[in-house]
Structure formats: structure tokens, C-alpha cells
Amino acid sequence: MKPDLFTAPDYYNLDDLLNDEHKMVRDATRAWVKKELSPVIEDAAQKAEFPKGLLKGLAEIGAFGPYIPESYGGAGLDQISYGIIMQEIERGDSGIRSTASVQSSLVMYPIYAYGCEEQKQKYLPKLASGELIGCFGLTEPDFGSNPGGMLTNFKDKGDHYVLNGAKLWISNAPFADIAVVWAKNEEGRIHGLIVERGMEGFSTPETHNKWSLRASATGELIFNDVKIPKENLLPEKNGLGAPLGCLDSARYGIAWGAIGAAMDCYDTALRYAKERIQFGKPIAVKQLQQKKLAEMITEITKAQLLAWRLGTLRNEGKATSAQISMAKRNNVEMALKIAREARQILGAMGITGEYSIMRHMMNLESVITYEGTHDIHLLITGMDITGHPAF
Ligand code: TGC
Ligand code: FAD
């Protein structure tokens with residue numbers, strides 16, 4: 001892969017909206033991505049291996065629990081900083097951002113928001129430091145967009161619970177130390193349970209042959225009469241709203257993350273267009289190429305403004321789930337379209353691993369599906385503005 005020459009586009013001087021802490025977080029994450037992630041990511045994606053060597057660095061830059069209080073080992077940052085971290089990591093690769101999203105918003109957040117004090121003390125500092133890696137089990141083979149129908153269930157056996165069922169498409173499952181698993185009790189109410197690797201009857205087979213998110217490990221969670229200690233149930237919230245509340249936080253991170261992937265594709269295509277000579281001139285002088293590049297920077301700028309405003313709303317505790325859906329949907333589609341256009345600007349070179357564009361494009365095909373599909377987010381907006389659920 002070519003050396004990482006990334007220069008971030010900032011067409012509307014959005015830096016002026018950031019405070020010193022945001023800029024420090026941005027610069028540190030950007031420098032780490034250039035130094036540690038960029039040199040290894042293409043090889044990892046080609047080999048379809050998760051680069052485990054990055055876990056320590058991710059913890060050190062505060063990517064595990066950026067907004068979790070420092071008293072629990074988190075970085076205690078605001079929502080804009082959290083978004084910026086996701087943007088910078090996804091600039092490198094969506095799969096690595098996935099690991100940070102899952103650890104922060106789908107594992108640490110539910111333990112922090114719905115767990116008891118003992119659970120927070122036991123798990124959060126180790127998750128923040130990367131000593132423990134977690135995964136989040138909501139999706140099942142027959143229940144993806146409709147998780148409320150899940151079949152995974154647990155029964156009360158007096159001094160413990162017994163868990164049965166299966167989850168599919170779970171990021172980090174093959175190597176995670178713990179899983180936050182959503183399952184129904186005997187009354188059909190959804191609860192979160194912390195399942196630990198090594199519990200008898202619990203296995204995590206890897207899902208192979210992905211063309212997308214190849215540097216991220218995806219797998220199943222299989223529960224065969226797994227005995228779960230009662231203290232592993234998250235006591236403070238139950239019902240479908242509990243897992244969906246975690247998704248809000250992860251979807252918000254993706255709204256920022258997708259901008260990172262788009263910025264990388266745009267920056268690569270712009271540099272290439274200025275250097276590539278055809279018909280005696282750089283292709284950047286051609287109107288057709290300028291149209292592509294001008295539309296890219298316009299869409300990136302709009303997405304940046306959307307993400308920034310959403311971040312300020314989240315800092316004030318005012319962002320709605322529907323607002324988050326709009327930003328996730330818009331920004332991921334924007335990034336995917338930009339990846340496709342940028343790939344064309346590179347001609348044949350665009351299909352190789354010499355450049356990051358094709359990897360981003362393939363990754364974004366997962367990002368547009370997970371954390372709620374493109375259709376589901378449109379239906380969430382539709383429901384919000386009309387009052388009628390059309391799921
Ligand atoms: P519905 O009846 O509308 O709602 C059930 C209860 O949930 C509440 N609620 C929410 N609460 C918090 N945050 C949200 N975003 C919420 N959305 C809904 C709602 O108020 C209600 O509460 P209550 O108290 O009245 O019971 O539920 P529904 O069954 O009709 O479904 C609604 C729908 C389709 C929007 C929802 O099921 C959905 O979002 N589906 C998409 C599933 C999804 O996003 N799965 C993601 C799995 S995790 C993942 O992909 C990780 S990828 C990780 C990576 O980054 O690598
Ligand atoms: P389906 O729900 O079967 O949808 C199929 C198609 O039907 C889609 O186009 C969808 O938009 C459309 N559709 C569905 N319902 C409607 C409707 N009511 N109206 C109109 N159209 C509809 N899940 C986890 O729990 N944890 C994870 O860590 C995780 N990581 C993932 C990693 C990867 C790489 C991928 C690809 C997925 C991951 N997922 C994870 C699962 C992801 O959340 C689901 O794939 C997603 O929610 C969609 O579910 P599905 O694939 O079953 O599609």
C-alpha cells in the first residue's frame with residue numbers, strides 16, 4: 001500500500017467550531033492512525049485477519065469508552081470528541097472503528113447505563129484498558145431488522161439462569177472475552193446478560209468468506225444450556241428499548257466515522273487527479289473529474305455539519321433517536337457514493353490494494369447494513385414525521 005499522505009479536507013473551516021480538547025483528541029488519533037493503523041491495515045484486510053496488535057493502541061488513544069467517566073477508566077470526553085475519534089479511526093478502516101464502537105457503545109455503555117455498581121467496577125476499567133474485549137449479541141439468524149422477535153431465552157433456575165439460543169453476525173465474537181447478550185425471560189421480556197468466554201455450553205464460531213470488513217472478526221454466539229450467575233444480569237433497564245438505546249450511541253459514532261472514510265477517498269482521488277496525466281494533462285483539469293471532486297467535497301461538508309450539530313445536541317442531552325438515524329443514514333450513503341466515484345477517478349489503479357478506496361467501499365457495504373439498515377433508518381424518519389410506523 002502507498003504511504004499514508006492523508007490531508008483532511010475542511011472546506012468550511014469547521015476547525016473553528018472545535019475547542020482545544022477536540023483538536024488535541026483529533027491530532028492524537030490522526031497521528032496514531034497514520035503511524036500504527038495505516039501500515040498494517042491493507043495486509044490484514046487482504047488476509048482477512050483482525051490486527052490484534054492495534055488493541056493496545058486503541059485503548060491508549062481513548063477509543064475504548066471515550067465518553068465513559070474517568071472514574072470507571074474511560075476518557076471522560078464529550079460527544080464531539082467521541083465522534084472525532086470514530087471519524088479518524090474510520091478514516092483508516094471501518095472494521096477497526098467497528099471494534100472501537102462495539103467496545104465503547106455496545107459493551108461499556110450498557111454496563112455503565114444499565115449495570116449495578118459491582119458490574120461497573122468489575123468490567124469497565126478492564127474494558128477501557130483493552131484487558132477485556134467485548135461483543136454485543138442482538139441479531140439472530142431469523143431476526144435482524146426486527147430484533148424484538150428474538151428467540152434467545154433464559155430461564156430462572158433459582159440460584160442461576162440457563163441461557164439458550166444463537167446470535168449471528170456479531171463483531172469481535174471470535175475473540176471477545178465477554179458478550180453483552182440480549183435474551184427473553186420466561187415472560188418474554190428482553191434483558192441484557194453478561195456472558196463470559198469459558199462458560200460451559202458457550203461457543204463463538206467465526207464467519208468466513210466476507211468481502212467486506214475483512215479486517216474485522218465476525219462470528220456467531222451459540223448458547224447451549226449456559227449457566228449464567230444471577231449477578232451477570234444487567235438490572236437497571238429491560239425491554240427492547242435497552243438494546244436500542246445502546247444502538248443510538250453506536251449509530252451516532254458511525255455518522256462521524258463514515259465521514260472519515262469519505263475524507264480518505266476524496267483526499268486520495270484529489271491527489272491522484274492532480275498527478276495522473278492523460279491526453280498530455282493532469283486529469284484534474286478535466287471538467288468531468290472536477291464535477292466528481294466538487295460534489296464530493298460538497299457532500300462531505302454537509303455531512304460534517306450534520307455530525308457536528310448532532311454532537312452538540314447530544315452534549316446537551318437533546319438529540320432524538322430519529323435525528324441520529326437521519327445522520328447515520330445520510331452520512332453512510334454519502335461515504336459509499338464518494339467511495340464509488342473516487343474509485344473511478346483512479347481508473348484501474350482504484351481496484352488494487354495500493355490505495356484504500358476499494359477497501360473503504362467494500363467496508364461501507366456492511367456499514368450501510370449494520371446498526372440498522374438504510375431502509376430501516378428511512379422508516380424511522382418516516383415514522384417520526386408522520387406518526388405512522390411502516391416497519
Ligand atoms: P418499537 O415498538 O418501535 O420500540 C420498542 C421500544 O424501544 C424504544 N425505542 C428506542 N429506545 C431507545 N433508542 C432507540 N433508538 C429506540 N427505538 C425504539 C421504543 O420507544 C419502545 O419502548 P417502550 O418503552 O414503548 O417499549 O420497536 P419495533 O419492534 O417496532 O422496532 C423498531 C425498529 C425497527 C426501529 C428497531 O427494531 C430497529 O432499530 N431495528 C434495527 C435493528 C438494528 O439496528 N440492529 C443492530 C444490531 S447491532 C449491530 O449491528 C452492531 S454492528 C457493530 C459494529 O459497529 O461493528
Ligand atoms: P434483514 O432484516 O433480513 O433485512 C433484509 C432486507 O430487508 C434489508 O434490505 C432491509 O432493509 C429490508 N427490510 C427489513 N425489514 C423491512 C421493513 N420493515 N420494510 C422494508 N424493508 C425491510 N448485529 C449484532 O447484534 N451485533 C454485532 O456486533 C453486529 N455486527 C455486524 C457486523 C457485520 C459485518 C454485519 C454485516 C452485520 C452485523 N450485525 C451485528 C447485524 C446487523 O445489525 C444486521 O445485519 C442488520 O440489523 C440487518 O439485519 P439482516 O441482515 O438480518 O437483514
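# Two ligands and what surrounds them

β3 (160-171) and α10 (374-386) each put at least two residues into the shell around ligand 2. That is one half of the story here; the other half is ligand 1, which has 25 residues around it. Keep in mind that this is a predicted model. Here's a quick tour of both ligands, starting with ligand 2.

**Ligand 2: who's around it**

- Ligand 2 is surrounded by 17 residues, and the closest of them are Thr139, Ser145, Trp169, Thr373 and Asp375.
- Sorted by class, the shell around ligand 2 comes out as eight nonpolar, seven polar and two charged residues.
- Which element gives the most to the shell around ligand 2? That's β3, with three residues.
- Domain 2 (134-232) and domain 3 (241-386) both give residues to this shell, so ligand 2 lies between them.

**Ligand 2: polar contacts and cover**

- A nitrogen atom of ligand 2 sits 2.9 Å from a polar backbone atom of Phe136.
- Two backbone partners pair up with oxygen on the ligand: a polar backbone atom of Leu138 is 3.0 Å from an oxygen atom of ligand 2, and one of Ser171 is 2.9 Å from an oxygen atom of ligand 2.
- On its own, ligand 2 has 980 Å² of accessible area, and the protein covers 67% of that.
- As for where it sits, the space taken by ligand 2 is the largest pocket.

**Ligand 1: who's around it**

- Of the 25 residues around ligand 1, the ones that come nearest are Ser98, Asp248, Arg251, Glu371 and Gly372.
- By class, you'll find 11 nonpolar, 10 polar and four charged residues in the shell around ligand 1.
- What gives the most to the shell around ligand 1? The answer is α6, with six residues.

**Ligand 1: polar contacts, cover and place**

- The backbone of Glu371 has a polar atom 2.8 Å from an oxygen atom of ligand 1.
- Gly372 does something along those lines, with a polar backbone atom 2.9 Å from an oxygen atom of ligand 1.
- Ser145, already listed among the closest residues to ligand 2, also has a polar backbone atom 2.9 Å from a nitrogen atom of ligand 1.
- The protein covers 68% of the 1,100 Å² of accessible area that ligand 1 has on its own.
- The space taken by ligand 1 is the largest pocket, and the elements giving two or more residues to its shell are α4 (94-114) and α6 (241-275).

Technical notes: Residues numbered from 1 in each chain as written. Chains lettered and ligands numbered in written order. Predicted model: local features only at pLDDT ≥ 70, side-chain atom pairs only at ≥ 80, totals over all residues. Heavy atoms only, no water. Near = heavy atom within 4 Å. Polar contact = N/O pair within 3.5 Å; in protein donor to acceptor, adjacent residues only side chain to side chain. Areas by Shrake-Rupley, 256 points an atom, 1.4 Å probe, with all protein chains shown as cover. 1 Å grid on protein atoms, 1.4 Å probe; cavity = no way out; pocket = protein on both sides within 12 Å on 5 of 7 lines; lining within 4 Å. Sits in = over half its atoms within 2 Å of the grid points. Helix = DSSP H or I, 4+ residues; strand = E, 2+ residues; numbered from the N terminus. Nonpolar A, V, L, I, M, F, W, Y, C, P; charged D, E, K, R; others polar. Domains from an automatic or database assignment.
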